[in-house]
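Trainee: I would like a close look at one part of this chain. Please start at a single turn in the backbone and work outward from there.

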Amino acid sequence: MGDKDTNTTSRRSFLTKAAGAALVTALPSAAQNAAPSKIAATAKSAAVSKRKRPLNVLFFMSDDMRPELASYNSRFNVHSPNIDALGAHGVRFDRNYCQFPLCNPSRSSLFTGHLPRETGVLGNSAAVVKAHPEWMTLPHLFREYGYTTLRSGKLFHAGLDDPQAWTVFDGDVESMHPTTIGTKMDLPRVQIPMPNGDMPPLPDNARADHSDEILVLEGNGEGAGDYLVADLAIKFLQQVAADPDKPFFVGCGFSKPHSPPQAPQRFFNMYDPAKIQLPPDFAAWPTVPPSFPKAAIRPHNADLFIGRGASESEAKQVIRAYLASISWADWNLGRVVAELERLKLRDNTVIVFVADHGYQLGEKGKWSKAGSLFEGGTRIPLIIDMPGAKGNGRACTRMIQSLDIYRTMCELAQLDVPTGVEGTSLVPLLHDPRGAKWDSSAYSIWSEDGKTIHGTAVRTEQWRYAEYGKDASNGAMLFDVHADPMELTNLADDPKHTATRAELSKLVNAYSYPA
């Protein structure tokens, strides 16, 4: 554990000592999570060489994007050449997990380096910077070290940003002011009977009409949200290039494929709905399979098919739209990376791409991320392209968490890590993706009321285990993810796996209910 000595993180002090800044490699104990964010100097990591110039950062995020990408073996053969190229140039992490399957809690954990149960942010209404003003968010830390920090689009959850993190802060993500949202695709909606035989009427409310639709854009999507996000990020890169002696942290957050799915027509044309295969556990309505806990599937969808059932034909159209949204986000990301290269900034810039959480596309009748402690809801892409990393061009299959990103970025940029920050630096895996000595598990939690932990999942190399309620009072799930990647068979009550369940239950309880 690092010592408690503190230092001043001013621009002047950083720029004079950047090449030899002390690094943090040891993990603090869980009990330190609530400690104020003093910056502790510790021994330098041997994994990062001294750099003559401070490292720049280009930090991409996408909303609701499960790893449905070609380089992640997309089951729908997604067209994602730019993200794939980023992974081929850097290190692609194939087993990265979010800490909470909902926008605000996940992003709050990632950008503070604290567990959701420590942030207390368990819903989409609380700002972590107001709940914990003593903590320093990741972009704020970079700003304190003299970086120009600029944000285009959605990094923090909408309306809950950290104004102190950015050199220029022009308000919320909605300040992009899109001039077009596209044309609603005209798809017939049919009434689908519920499992109990009831035939509810089709919903008629503004929220469902806004979220539960498919939007087609003209041209390349000029004037639409994510197009403007990429344009602004390009503008920011041009601005920072004019001052090459000052390092930068540019955040670029795309909102797609978050509902409503939206993309130009040419991206829809990449996918034939007739060729889309629905998941083997597809259901018209949210459905709890036999032997699964009732709490595993929320009774109502939150994003798509709100208050109505999904016909197979419309489900395929919605999946097509989700895939088109991913391909459009990929195209916009490619525009930004191309500008980074044109400005000759890439050789001294670490590029990060990550999503906030995953998504279910009709598996067990669910069309959302909220409440999902399955692979679909919690597994997300993560790519880190670090200039000079020995592992570049390779994939890493070790278990990691988005919680690890904060410490990783600090070590790469040679910034001291604030006391109490959790997670484990991924720098060793950037140099050796095999991670022969890596032995970590990934955790995700869920809260229905924004106050109480209602479910906790742990992911190990072979198993996914989730408990609902303390001591699994509301049930449990256990999957052998190698033998059952679609999570169709719950082994929690199988006598053959009693010992495995007991060991995983200890991990869950230690994580969510520490002594």
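Mentor: Start at Gly113. Just after helix H3, this residue takes a positive phi of about 75°. Keep in mind that the model is predicted.

Now step back into the helix itself. H3 covers residues 103-112, and 10 of its 10 residues are buried, so the helix is largely enclosed by the rest of the structure. The buried residues of H3 include Cys103, Asn104, Pro105 and Ser106. Arg107 is buried too, and so are Ser108 and Ser109. Leu110, Phe111 and Thr112 complete the list.

What lies over H3? The cover includes strand E1 and strand E8. It also includes helix H4 (116-119), helix H5 (128-131) and helix H6 (138-144). Helix H12 (405-413) is another part of that cover.

Arg107 deserves a second look. Salt bridges that share partners join Arg107 with Asp63, Lys154 and Asp356 into one network. Arg107 is also among the buried residues of H3.

That leads to the other salt bridges. The count for the model comes to 28. One of them pairs Asp64 with Lys369, with the closest N and O atoms 3.4 Å apart. These two residues sit 305 residues apart and link distant parts of the chain. Asp64 lies in the loop between strand E1 (56-63) and helix H2 (81-89). Lys369 lies in the loop between strand E8 (349-355) and helix H11 (375-378). Recall that E1 and E8 are also named in the cover of H3. Is each partner buried or exposed? Asp64 is buried, at a relative accessible area of 0%. Lys369 counts as buried as well, at 4% relative accessibility.

Turn to another pair. Glu448 forms a salt bridge with Arg298, and the closest N and O atoms are 3.0 Å apart. This pair also links distant parts of the chain, 150 residues apart. Glu448 is in the loop between strand E12 (442-446) and strand E13 (455-459). Arg298 is in the loop between helix H9 (265-268) and helix H10 (312-342). Glu448 is partly exposed, with a relative accessible area of 43%. Arg298 is partly exposed at 22%. The cut-off matters here: Arg298 is not called buried because that label needs a value under 20%.

One more bridge joins the side chains of Arg501 and Asp493, at 3.1 Å from N to O. Asp493 is exposed, with a relative accessible area of 64%.

Helix H10 takes us on to a sheet. This open sheet has 3 strands in the order E4-E5-E7, with mixed pairing. Its edge strands are E4 (183-184) and E7 (262-264), and each pairs on one side only. H10 packs on the sheet and touches E5 and E7. The direction of H10 makes about 65° with that of E7. E4 and E5 (residues 215-217) run antiparallel and are joined by 2 bridges. Lys184 stands opposite Leu215 in E5.

Finish with the whole chain. The secondary structure comes to 14 helices and 15 strands. Buried residues make up 61% of the 515 residues. Among contacts with a separation of 6 or more, 75% come from residues 24 or more positions apart. The chain exposes about 19900 Å², and carbon and sulfur atoms supply 52% of that area.

Notes
Residues are numbered from 1 along each chain as its sequence is written. This is a predicted model: local features need pLDDT of at least 70, side-chain atom pairs count only at pLDDT 80 or more; totals for chains, interfaces and linings use all residues. Side-chain values use heavy atoms; hydrogens and water are left out. A salt bridge is a side-chain nitrogen of Lys or Arg within 4 Å of a carboxyl oxygen of Asp or Glu. Helices (H or I, at least four residues) and strands (E, at least two) are DSSP runs, numbered from the N terminus. Buried means under 20% relative accessible area, exposed over 50%, partly exposed in between (1.4 Å probe, protein chains only). Contact means heavy atoms within 4.5 Å. Two strands pair if DSSP finds at least two bridges between them. Axes are lines fitted to C-alpha atoms, for helices over the stretch in contact, and angles run from 0 to 180 degrees between N-to-C directions. Accessible areas come from the Shrake-Rupley method with a 1.4 Å probe; for residues, only the protein chains shown count as cover.
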